[in-house]
Amino acid sequence: MKDCLFCKIIKKELPSKIVYEDDNFFAFNDINPVAPIHILIIPKKHIPSVNSLTASDKELIGELFLVAQKIARAEKATETGYRLTFNVGENAGQTVEHLHLHLLGGKKLLWS
Ligand code: 5GP
Ligand code: ZN
């Protein structure tokens, strides 16, 4: 996707603090962290949001959670706990239209 911010980050046309990369996924530190650990994990495939997922994405999304687990372990968050969040659409405050899983941790997280 030509004008997608996260597609540009994947292609390294824009800088980011890369945490993880493989053939299908890319993970980087959020520019405006709300917790000591705040990582965005994204598929390299441009999918706008959870609303756009189809049955053909089943395997990719399953793999996404295994990547999240791997990163959480590397960040030493599996013992203390962490949160995985997808914001979907306006009410949830989704601002970037490229599917991204927030991994939050490193402190006791509040729920609101
Ligand atoms: P959303 O609100 O759509 O769920 O999350 C988008 C996230 O992307 C926000 O937490 C925001 O701080 C982060 N973000 C927006 N632009 C950039 C950027 O250019 N670089 C990085 N690393 N994060 C960004
Ligand atoms: Zn994109």
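This short talk walks through the surroundings of ligand 1 and then a few loop residues.

Before the details, a word on conventions: this is a predicted model, in which local features need pLDDT of at least 70 and side-chain atom pairs count only at pLDDT 80 or more, while totals for chains, interfaces and linings use all residues. Residues are numbered from 1 along each chain as its sequence is written, chains are lettered from A and ligands numbered from 1 in the order in which they are written, and side-chain values use heavy atoms, with hydrogens and water left out.

Let me begin with the ligand. Ligand 1 is surrounded by 16 residues, of which D30, N87, T95, H100 and H102 are the closest, and a residue is taken as near when one of its heavy atoms lies within 4 Å of the molecule. By type, this shell holds 7 nonpolar residues, 8 polar and 1 charged, where Ala, Val, Leu, Ile, Met, Phe, Trp, Tyr, Cys and Pro count as nonpolar, Asp, Glu, Lys and Arg as charged, and the others, Gly among them, as polar.

Which atoms of the protein lie 2.6 Å and 2.8 Å from an oxygen atom of ligand 1? The first distance belongs to a polar backbone atom of T95, and the second to a polar side-chain atom of H100. In addition, a nitrogen atom of ligand 1 is 3.2 Å from a polar backbone atom of I31. Taken on its own, ligand 1 has 520 Å² of accessible area, and the protein covers 82% of that; such areas come from the Shrake-Rupley method with a 1.4 Å probe, and for residues only the protein chains shown count as cover.

Turning to the elements around the ligand, those that give two or more residues to its shell are helix 1 (5-10) and strand 2 (25-29), and helix 1 supplies the largest share, with 3 residues. Helices (H or I, at least four residues) and strands (E, at least two) are DSSP runs, numbered from the N terminus.

Two of the closest residues deserve a further look. H100 is in the loop between strand 4 (82-85) and strand 5 (101-105), and H100 counts as buried because its relative accessibility is 7%; buried means under 20% relative accessible area, exposed over 50%, and partly exposed in between, with a 1.4 Å probe and protein chains only. From H100 to D30 there are 70 residues in sequence, and their C-alpha atoms are 11 Å apart in space. H102, for its part, is in strand 5, and with 12% relative accessibility H102 is also classed as buried. The side chain of H102 makes a polar contact with the side chain of H38 at 2.8 Å, a polar contact being a pair of N or O atoms within 3.5 Å, where within protein one must be able to donate a hydrogen and the other to accept it, and residues adjacent in sequence count only if both atoms are side-chain atoms.

Finally, the backbone. Most residues other than glycine have a negative phi. K12, however, which is not a glycine, has a positive phi near 65°; K12 lies in the loop between helix 1 and strand 1 (18-21) and, at 49% relative accessibility, is partly exposed. K76 likewise has a positive phi, of about 60°, and K76 is in the loop between helix 2 and strand 4. Is K76 buried or exposed? Its relative accessibility is 69%, so K76 counts as exposed.
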